[in-house]
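Reader: I should be grateful for a close look at one part of this protein, namely the buried interior and the elements that build it. Please set that part within the structure as a whole.

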Amino acid sequence: MNNLRLIWTWIRHEWRMELRQKAGIQGALLYIVVTLVVAYQAIGAVQDIETWVGLLWIILLFSVVNSSSRAFSAEGTGKKILLYFWLKPGQLILARMGYQMMFNGLTGIMGFSMFGILMGIPGNGLGMLVLLVAAGSAAAAALGTFMAAIASVSGNGAGLSAVLGLPLM
């Protein structure tokens, strides 16, 4: 029980820090909006459901890679020492993964909403599609967090995280 409490405390801490800085949320939403506008200008309204879903997932996957690649890159040496004193490595990875899953699940739903407003939503089954977008974004974020942890240990950062994560997603 103590492990879950520590993980949840760290997830709440990450959310508070994100809400104070606002750069991560704004950056992810800006990326999604700009990509959507470019796709809309290039393609227009999409009538085919397969094309619509494929385009949405491409945009969301690159957004997940962009946001999860910074999961471990923002910490200095002093913060790493504090983290490893306070949390076990497994707890830290689970906390970062939980935070990234919630963050990317929410940005995925917001991106889906903007995508639907701009491109229209073909077909029916909107509730199931929203659930799948949230679950898929969260799952991709969990994988992206593991790849960011590996890239952080190797010292290569976002580049290696994208190279490792995209083929697996």
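Author: A suitable place to begin is A148, which lies in helix α6, spanning residues 126–154. The model is a predicted one. A148 has a relative accessible area of 3%, and because buried means under 20%, this residue counts as buried. Its C-alpha atom is 10.0 Å from that of S67, although 81 residues separate A148 and S67 in sequence.

Helix α6 also contributes to the interior in another way. The largest nonpolar core has 14 residues, of which W52, L55, L56, I59, F112, F115 and M119 touch the most other members. At least two residues of this core come from each of α2, α3 (49–68), α5 and α6. Helix α3 gives the most, with five residues. Within this setting, L56 touches F112, F115 and V133, when residues up to four places away in sequence are left out of the count. Another core lies apart from this one; it has twelve residues, including W10, I11, L83 and Y99.

Helix α5, one of the contributors to the largest core, comprises 31 residues, 89–119. At 1.5 Å a residue, a span of 45 Å is expected for α5, and its end C-alpha atoms are 43 Å apart, so the two values agree. After α5 comes G120, with a positive phi near 85°.

Helix α2 supplies residues to the same core, and it also takes part in a feature of the surface. A nonpolar patch there is formed by V33, V37, Y40 and L118, which together have about 270 Å² of accessible area. Three residues of the patch, its largest share, come from α2, which covers residues 23–43. One residue of this helix is V37. Its relative accessibility is 38%; because partly exposed denotes values between 20% and 50%, V37 falls in that class.

These parts belong to a protein whose secondary structure consists of seven helices and zero strands. Of its 169 residues, 39% count as buried. Among contacts between residues at least 6 apart in sequence, 80% join residues at least 24 apart; the touch between L56 and F112 is one example of a contact across the sequence. The accessible surface of the protein comes to about 9,100 Å², and carbon and sulfur atoms account for 70% of that surface.

Terms used:
Residues numbered from 1 in each chain as written. Predicted model: local features only at pLDDT ≥ 70, side-chain atom pairs only at ≥ 80, totals over all residues. Heavy atoms only, no water. Helix = DSSP H or I, 4+ residues; strand = E, 2+ residues; numbered from the N terminus. Expected span 1.5 Å × (residues − 1). Patch = residues over 30% accessible without salt bridge, like charges linked within 9 Å, V, L, I, M, F, W, Y side chains within 5 Å. Areas by Shrake-Rupley, 256 points an atom, 1.4 Å probe, with all protein chains shown as cover. Salt bridge = Lys/Arg side-chain N within 4 Å of Asp/Glu carboxyl O. Buried < 20%, exposed > 50% of the residue type's maximum accessible area, 1.4 Å probe, protein only. Core = buried A, V, L, I, M, F, W, Y, C linked by side-chain atoms within 4.5 Å. Contact = heavy atoms within 4.5 Å.
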